[in-house]
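Let's take a walk through this model together. Have a look at the sequence and the structure first, and then we'll go through some details.

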Amino acid sequence: MERQSMNKIGNELEIAKKYMLTTIETKGLVKITQNNVARVEAMIQNDAAYLNSGNKEYGPDKNGKGGSTAYWMCQLRDYIKKNMTDRKTYKNIIANAVIAVDRDNSTHLNADGVGRNEITERICKIPLEKLLHYLQDPHDTKYKLVEIIARKTSATIRPRENKSFASKFCHYACFYLFEGKKEQDNYSIYDSILKNALPLYIDYYGIDVKKQELEDYAVYSETIEKIIKKAGNKISKNGFDHLLWYYYKGRIKVS
């Protein structure tokens, strides 16, 4: 019985090799391919830890609390499509979208006690037409929306810059507001794992960027675009983010 059980385990492990992410063996780098991205996307979509954040139907509870990133970004999309002008409704959507992105991505906005409220106010002060312009055209607007959201808070104790949150808010806003359009993929996520993995590809593809320059979101984002292009331009920035994050999260030292 034990021998039969071990044979089944061995067979399963052998079959699993067909589904492993492919790598550049001489360099130990995960390949930037559509097939690798598809495998990672399948794993993420079946991971219980991420089911709620991407569920468009996962709304607030009976007390009006909670709701997924997908739900609140779709509420924002519908508000815009219906040409609504109720500022109270708009602020409620933005506030809940900020909370959802923060919670679903563990960006700890409120570690300084003011982050969520202050960033909600910043976003709400931007005229909606300008906000859409920032989201639709990050290159020509020089990633201004990331800069506005990421700016250091006014907390008297431990004020924070929130670049990772800012990039994620912009990313998910585009992902749901512009679903099915090229603008859906406008913003890369700024993440410590990716930031530390990028130099491996910068070196491999001979891109002229220094590691410290990646602190600048514009340089970081445009470097990702260059790597994707060097790899054949067959995957999205969203796919690139997921692939490198999934592969390197247990393999690379985060600084």
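A search of the whole structure, which is a predicted model, turns up 13 salt bridges. Three of them are set out here, each with its closest N to O distance.

| Positive residue | Negative residue | N to O distance |
|---|---|---|
| K91 | E121 | 2.4 Å |
| R103 | D104 | 3.4 Å |
| K195 | E215 | 2.9 Å |

Start with the salt bridge between E121 and K91. This pair ties together distant parts of the chain: E121 belongs to helix α5 (residues 115–125) and K91 to helix α4 (residues 87–105), with their positions 30 residues apart in the numbering. How exposed is E121? E121 is partly exposed, at 32% relative accessibility. K91 is partly exposed as well, with a relative accessible area of 37%.

R103 and D104 also meet through their side chains. Here R103 is partly exposed at 36% relative accessibility, and D104 is partly exposed with a relative accessible area of 25%.

Then there's K195, which forms a salt bridge with E215. Once more the pair links distant parts of the chain, 20 residues apart: K195 is in helix α9 (residues 192–205), while E215 is in the loop between α9 and α10 (217–230). Is K195 buried or exposed? K195 counts as buried, at 13% relative accessibility, whereas E215 is partly exposed at 39%.

Salt bridges can also join up into a network, and K144, E147 and R151 are linked in that way.

Now for a charged residue without such a partner. E41, in helix α2 (residues 34–45), is buried yet has no salt bridge. Where is the nearest side chain of opposite charge? That side chain is K249, and K249 is 12 Å away from E41. Setting aside residues up to four places away in sequence, E41 touches N238, G239 and H242.

Next, the aromatic rings. The structure holds eleven aromatic pairs. One of them is made by Y247 and Y248, whose ring centres are 4.8 Å apart; their planes stand at 85°, so the pair is edge-to-face. Both partners are tucked away from the surface: Y247 is buried with a relative accessible area of 10%, and Y248 is buried at 4% relative accessibility. Y247 has a charged companion too, since the charged end of R251 sits over the ring of Y247, 3.9 Å from its centre. Elsewhere in the list of aromatic residues, Y143, Y187, Y190, Y217 and Y220 form one aromatic cluster.

Y248 is worth a second look. The largest nonpolar core has 73 residues, and the ones that touch the most other members are L135, L244 and Y248. Which helix gives the most to this core? Helix α8 (residues 163–177) does, with nine residues. As a general point, nonpolar side chains in soluble globular proteins tend to be buried together. Y248 has plenty of contacts beyond its neighbours within four places in sequence, namely G28, L29, V30, I193, A197, L200 and Y201.

Another buried residue to find is I224, in helix α10. I224 has a relative accessible area of 0%. Which residues does I224 contact, leaving aside its neighbours within four places in sequence? They are S188, L198, K237, F240 and D241. Take K237 from that list: I224 and K237 are 13 residues apart in sequence, and their C-alpha atoms are 7.3 Å apart in space.

Finally, a look at the backbone. Most residues other than glycine have a negative phi. Two residues here go the other way. K142 is not a glycine, but has a positive phi of about 55°. K142 lies in the loop between α6 (128–136) and α7 (144–150), and is exposed with a relative accessible area of 67%. N233 isn't a glycine either, and has a positive phi of about 60°. You'll find N233 in the loop between α10 and α11 (237–248), where N233 is exposed with a relative accessible area of 55%.

Definitions and conventions:
Residues are numbered from 1 along each chain as its sequence is written. This is a predicted model: local features need pLDDT of at least 70, side-chain atom pairs count only at pLDDT 80 or more; totals for chains, interfaces and linings use all residues. Side-chain values use heavy atoms; hydrogens and water are left out. Helices (H or I, at least four residues) and strands (E, at least two) are DSSP runs, numbered from the N terminus. Buried means under 20% relative accessible area, exposed over 50%, partly exposed in between (1.4 Å probe, protein chains only). Lys and Arg count as positive and Asp and Glu as negative; His and the chain ends are not counted. A salt bridge is a side-chain nitrogen of Lys or Arg within 4 Å of a carboxyl oxygen of Asp or Glu. Contact means heavy atoms within 4.5 Å. Rings of Phe, Tyr and Trp (its six-membered ring) pair if their centres lie within 6.5 Å; planes under 30 degrees apart count as stacked, over 60 as edge-to-face and the rest as tilted. A charge sits over a ring if NZ of Lys or CZ of Arg is within 6 Å of the ring centre and within 35 degrees of the ring normal. A nonpolar core is a set of buried Ala, Val, Leu, Ile, Met, Phe, Trp, Tyr and Cys residues joined through side-chain atoms within 4.5 Å.
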